[in-house]
Number of protein chains: 2
Amino acid sequence: MTSPKPNTVTHTRQPASGPAVDVRIVLFTVAHGALHIALPEAKGLRRLPHGEPTSGEALDTAARRILRHSTGIHEQYLEQLSTLSVDDTAGWTLTVAYLGVVWWSAESEPEVASTWHDLRRRLDVGETDRMLIHYAIVRLRAKLSYTTIAFHLLPPTFTLSELQQTYEAVLERRLDKRNFRRRFVAANVLAATGTQRRDGSHRPALLYRFRAPHDRDSYLTPPWSDEA
Amino acid sequence: MTSPKPNTVTHTRQPASGPAVDVRIVLFTVAHGALHIALPEAKGLRRLPHGEPTSGEALDTAARRILRHSTGIHEQYLEQLSTLSVDDTAGWTLTVAYLGVVWWSAESEPEVASTWHDLRRRLDVGETDRMLIHYAIVRLRAKLSYTTIAFHLLPPTFTLSELQQTYEAVLERRLDKRNFRRRFVAANVLAATGTQRRDGSHRPALLYRFRAPHDRDSYLTPPWSDEA
DNA sequence: CCAAAAGTGTTCTCGATACACCCATGT
DNA sequence: ACATGGGTGTATCGAGAACACTTTTGG
């Protein structure tokens, strides 16, 4: 993005003043029954979507913008993960990591298909990216059990089987159909749309919509909005 | 801290390069049956312990150092909370907030008594500090229920009543003695020391020691160490 | 013997788990 | 008719909550 300067500076940063800031996003989606992350290719490398925030910008806003610019994706859920400080030959950098979650359908947006990496396959990324990805997976799995974050992985309207398949893809294990359904009925977060989906040679499924619960779904995220 | 420059720069930072970095620590302890936070006084203001990390330093290390320098306290548990970006007349700053927890006894370290603020009393701090404190309290309460973080609020050896009083102080509600004790026995995190404590005109209490559980107590914290 | 904190069991409810069959449709 | 996924109920177990009395000591 930044063009090389024509003067004598060897490093891209001058270490006397503040660090460079690097926002990275671990963006998840579920496709073909498996968890995927966005790993766009740049200069032959696959890296997490990343970029620099500007000074007047809240970090959450920057993360959204960076994600849009580097993948074309408008995310639906974004949460700060952690910040780390790295000092190497490229200078001092603060990396602020985000966890994001989107619904993505191959039909409607085939053009970004190549940015998605199936997490069942080998990850070939840098050490920092790998750590952030592993941590984000742990967090996403944990949040699945006590928040409604999973709905961001689904279209506005979905069947209970699709919801269950999403959970199974993230958790990488099979769940019991009856218990699963009972859980969500009890949680009172589903609203039947009344319509059905006729699919193949079998009984049609009822379609549901997510109904926001009264108590907010973000327990462990700052209750304020990161405004500058 | 930074003295005003004699030249034409109006802001303390030059916005062209990276931001200033500010590490703040919300440090908790329990005293007199109530949750307290460290709010040392500087220039008439009470602010969270804070300072700047250096470029070669991991953020966790910086937080420990800053806490030591600004309060004299060696913390026992420290965890990154969140990072936010603020751009005002003082320039652009990234604030990295930490949650810390210590055991503190008025007898052994009376000199730092004045830095502790009883959270039952009114908080008179800046807006950012207030947000961070509120968020840290939410997190601390949540973590109490599914981690062993509470042991960092206690001396190496303690009675079950002291443990319960610590929980009650943090949660601000009374707990049932029998259920409380059963819970900790079942959790298998206590080791009886065999000794007793004779206290007043009543039956002496057994002393316990914390016994590290096999599964680690940090679920939601990055599993890596923030090394540069 | 009295005050004061330490210590101890049982019952109930609720959420999580295990488990097997009928229903509606397309071909 | 049959294959395919959609949909349903019951029994069991364990964690958490409610609840009251006896024990040991110092004064």
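**Note on the protein–DNA contacts**

1. In this predicted model, α4(B) makes the greatest contribution to the surface near DNA strand C, giving 4 residues. Two residues or more also come from each of α4 of chain A and β11 (205–210) of chain B.

2. DNA strand C is surrounded by 20 residues, the closest being Ser201(A), Ser161(B), Lys177(B), Arg181(B) and Leu206(B). By class, this surface comprises 4 nonpolar, 7 polar and 9 charged residues.

3. Bases of DNA strand C are approached by both side chain and backbone. A polar side-chain atom of Lys177(B) is 2.7 Å from a base nitrogen, and a backbone N or O atom of Ser201(B) is 3.2 Å from a base nitrogen. Pro204(B) instead places a polar backbone atom 3.5 Å from a sugar or linking oxygen of the strand. Among the atoms of DNA strand C within 4 Å of the protein, sugar or phosphate accounts for 40% and bases for the rest.

4. For DNA strand D, 20 residues lie around the strand, of which Lys177(A), Arg181(A), Ser201(A), His202(A) and Ser201(B) come nearest. The classes here are 4 nonpolar, 7 polar and 9 charged.

5. Two base oxygen contacts of DNA strand D involve backbone atoms: a polar one of Ser201(A) at 2.7 Å, and an N or O of Ser201(B) at 2.9 Å. Arg178(B) has a polar side-chain atom 3.3 Å from a base nitrogen of DNA strand D. The elements giving two or more residues to this surface are α4 (177–187) and β11 (205–210) of chain A, with α4 (177–187) of chain B; α4(A) gives the most, 4 residues.

How values were computed:
Residues numbered from 1 in each chain as written. Chains lettered and ligands numbered in written order. Predicted model: local features only at pLDDT ≥ 70, side-chain atom pairs only at ≥ 80, totals over all residues. Heavy atoms only, no water. Near = heavy atom within 4 Å. Polar contact = N/O pair within 3.5 Å; in protein donor to acceptor, adjacent residues only side chain to side chain. Nonpolar A, V, L, I, M, F, W, Y, C, P; charged D, E, K, R; others polar.
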